[in-house]
Amino acid sequence: MSGRNGKHHHRVLGIDIGGSGIKAAPVDLRTGEFVEDRHRIPTPEAGGPGAIIDIARELCEHFRWEGDVGCAFPGVIRRGRTLTAANLSPEWVGMLAEKTFSDRLGCPVTMINDADAAGLAEVKLGAAKGIDGVVVMITLGTGIGTAVFVDGRLVPNTEFGHLKIDGVEAEDLASSRAKDDDDMGWSEWSARIETYLREMESLFWPDLFVIGGGISKNFDKFGPRIEVETAVVPAELQNRAGIVGAALAASAGD
Ligand code: BGC
């Protein structure tokens with residue numbers, strides 16, 4: 001860690017950019033706990049970089065932040081560049097987002113895919129802690145995000161939310177947005193998740209599925225209905241996972 005934040009060098013501000021809200025909190029890296037209450041600002045409709053970076057600045061100001069920042073983004077991030085943005089504006093594609101954020105926030109920013117962040121948090125501190133073998137994290141939100149781990153090591157930027165099943169993208173079939181759009185009840189929606197998990201199971205043969213995203217707090221309403229061979233557990237950090245994982249990612253290189 002850079003230690004810019006003096007005695008709080010074990011703290012990183014985690015920011016989670018989502019399709020509906022942008023959330024942040026300072027995270028204690030040793031425990032994964034929020035040091036202050038989370039702050040949320042709705043995602044602007046257009047989802048363009050300018051407006052979202054302004055919000056990230058506002059979040060830094062809210063916490064009077066001057067140290068390291070980890071930022072979870074709902075798209076592919078390679079070497080600091082945003083390469084996709086399925087549920088935000090196409091203006092993100094190809095942008096040197098990590099550098100632009102760092103310059104605009106005046107803090108060192110590390111960016112990571114949002115599902116990868118959530119998975120990291122679960123592997124380090126949550127439902128997949130200490131699990132050997134292949135763990136597949138799936139976040140159900142505006143889109144579907146995936147993160148694949150082998151003995152705790154991430155294979156970054158897997159995009160199996162865009163897997164097509166009978167010609168339909170998984171995130172149009174089984175995301176929580178699809179549940180709302182198609183006005184599905186728990187039973188209909190869990191059948192769709194089951195279809196998706198069966199497909200993923202046949203391709204990965206994982207040891208564990210971890211289901212995250214805000215809706216995972218209602219796991220008892222859909223989880224028990226899902227019948228697959230693989231163990232399926234809800235994320236333990238729930239909607240904290242993106243923020244915590246982003247903070248962990250920012251500390252990983254130090
Ligand atoms: C994006 C992924 C992201 C997921 C969840 C998908 O549409 O392509 O990168 O992880 O949504 O936000």
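Guide: Classes first: Ala, Val, Leu, Ile, Met, Phe, Trp, Tyr, Cys and Pro count as nonpolar, Asp, Glu, Lys and Arg as charged, and the others, Gly among them, as polar. And keep in mind that the model is predicted.

Visitor: What makes up the lining of the largest pocket, by class?

Guide: It has 12 nonpolar, 24 polar and nine charged residues. Nearest the centre lie Asp-114, Leu-140, Gly-141, Thr-142 and Gly-213. Asp counts as charged and Leu as nonpolar, so Asp-114 and Leu-140 go in those classes, while Gly-141 and Gly-213 go down as polar.

Visitor: Which domains does the lining of the largest pocket draw on?

Guide: Domain 1 (11-116 + 240-251) and domain 2 (129-235) each give at least three residues. Among the elements giving two or more are β1 (11-17), α3 (114-125) and β9 (144-150). The space in there is about 850 Å³.

Visitor: Now the ligand. What makes His-162 a polar contact?

Guide: The cut-off is 3.5 Å between N or O atoms. A side-chain N or O atom of His-162 is 2.7 Å from a ligand oxygen, so the pair qualifies.

Visitor: How do you know whether Asn-87 and Asn-113 pass that test?

Guide: Asn-87 has a side-chain N or O atom 3.2 Å from a ligand oxygen, and for a polar side-chain atom of Asn-113 the distance is 2.9 Å. Both values are within 3.5 Å, so both count.

Visitor: How much of the ligand does the protein bury?

Guide: Taken alone, the ligand exposes 310 Å², and 94% of that is buried by the protein. Residues around the ligand include Pro-74, Ala-86, Ile-144, Glu-159 and Glu-171.

Technical notes
Residues numbered from 1 in each chain as written. Predicted model: local features only at pLDDT ≥ 70, side-chain atom pairs only at ≥ 80, totals over all residues. Heavy atoms only, no water. 1 Å grid on protein atoms, 1.4 Å probe; cavity = no way out; pocket = protein on both sides within 12 Å on 5 of 7 lines; lining within 4 Å. Points joined across faces, edges and corners; volume = space filled by probe spheres on them. Helix = DSSP H or I, 4+ residues; strand = E, 2+ residues; numbered from the N terminus. Domains from an automatic or database assignment. Near = heavy atom within 4 Å. Polar contact = N/O pair within 3.5 Å; in protein donor to acceptor, adjacent residues only side chain to side chain. Areas by Shrake-Rupley, 256 points an atom, 1.4 Å probe, with all protein chains shown as cover.
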